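Biologist: Please take one part of this model and go through it closely with me. Then tell me what lies around it and how far I can trust the picture.

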Amino acid sequence: MRKARSKQQFDALTRPWRDRLFAVALRQAQSREVAEDWTQEALLRAWRDFAQLTDQVAVYAWLLKILNRVVADDVRRNARRDQLAPMLTTGDAFLQQQACTSAGPFEQAVQTQSNDQFMKAVQALPDNFRQVVLLRDIEGLNYQEVGEVLDIAQGTVMSRLSRGRRLLASLLIRTESGDGLAATSIHGGKPT
């Protein structure tokens, strides 16, 4: 009886957030199937650790934290598989020319991009920057909430957000100028 009540309580607390959780996963994944797998794994881990949930008001943040770990584990596992692939890197001169406080180029580039182009640019960001940009700019979490979800300090959130926005702006500007995202992939924060 107690197990059934726990299952009902778990369903009641997580059901309202499942679509948003999937949307967050979808923004980070390369395909819908991967996002579905990440969401399912996050919910399985949440069920396994349900007894650890102390603040039932912060269920969404708790689920995002679990999803973040699922994504990080999967990305780390895939990175180990891909370590043998060669990677060419270039300098960061283009990004250094773009002032991080200048709002003009970023907003202009975002306004001229389709949603698909914008999301492809977001997906091309390195994981640590992509996660912060998604949680802050798209999901609307504040710095403290982003820090709690990602388990990082608020200053780190602000730094990664600034750098992530600059990288995203660089990708969008290159897309707008015709260089395209196909030729612009970012690894470790440097264009390749």
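**A helix and its charged pairs**

Modeller: E36 has a relative accessibility of 37%, so it counts as partly exposed; the bins here are buried for under 20% relative accessible area, exposed for over 50%, and partly exposed in between, with a 1.4 Å probe and protein chains only. Before we go on, bear in mind that this is a predicted model, where local features need pLDDT of at least 70 and side-chain atom pairs count only at pLDDT 80 or more, while totals for chains, interfaces and linings use all residues. Residues are numbered from 1 along each chain as its sequence is written, and side-chain values use heavy atoms, leaving out hydrogens and water.

Back to E36: its salt-bridge partner is R32, with the closest N and O atoms 3.7 Å apart. Salt bridge here means a side-chain nitrogen of Lys or Arg within 4 Å of a carboxyl oxygen of Asp or Glu. R32 and E36 both belong to helix α3, and being four residues apart, they are separated by about one helical turn. (Helices are DSSP runs of H or I with at least four residues, strands are runs of E with at least two, and both are numbered from the N terminus.) R32 is partly exposed too, at 48% relative accessible area.

Now move along the helix. R45 meets D73 in a salt bridge, 3.1 Å from N to O. D73 sits in helix α4 (residues 59-81) and R45 in α3, so this pair ties together parts that are 28 residues apart in sequence. D73 is partly exposed at 24%, and R45 is buried at 19%. There's a bit of a web here: salt bridges that share partners join E41, R45, D73 and R76 into one network. R48 has a charged partner as well, in a salt bridge with D49 at 3.3 Å between the closest N and O atoms. With a relative accessible area of 60%, R48 is exposed. By the same rule, the count of salt bridges comes to 13.

Then there's T39, also in α3, which spans residues 32-48. T39 counts as buried, at 8% relative accessibility. Leaving aside residues up to four places away in sequence, T39 touches L21, F22, A25 and L67, where a contact means heavy atoms within 4.5 Å. Helix α2 covers residues 18-28 and includes Q28. Q28 is buried, with 7% relative accessible area. Beyond residues up to four places away, Q28 touches W38, V71, R130, Q131 and L134.

Another helix to compare by eye is α9. Which residues of α9 are buried? In this helix, residues 143-150, they are V146, G147, V149 and L150. Those residues cover an arc of only 165° around the axis, which puts them on the same side of α9; the arc is taken from the directions from the helix axis to the C-beta atoms. At the start of α9, a side-chain oxygen of N142 comes to within 3.1 Å of the backbone nitrogen of Q144. Right after α9 comes D151, in the loop between α9 and α10 (154-176). The phi of D151 is positive, near 60°, and D151 is not a glycine. Most residues other than glycine have a negative phi. D151 is exposed, at 57% relative accessible area.

Zooming out, the chain has 10 helices and two strands, in the order α-α-α-α-α-α-α-α-α-α-β-β along the sequence. Of its 192 residues, 40% count as buried. Among contacts with a separation of 6 or more, 69% are between residues 24 or more positions apart. About 11300 Å² is exposed, with carbon and sulfur atoms supplying 50% of it; that area comes from the Shrake-Rupley method with a 1.4 Å probe.

As for trust, the chain averages a pLDDT of 77, and 70% of the residues score at least 70. Over residues 85-96 the pLDDT is below 50, though this stretch has 21 contacts in the model beyond near neighbours in sequence. (pLDDT is the predictor's confidence in each residue, from 0 to 100.) Residues 98-103 also stay under 50, and the model gives them five contacts beyond four places in sequence.

Conventions:
Polar contact = N/O pair within 3.5 Å; in protein donor to acceptor, adjacent residues only side chain to side chain.
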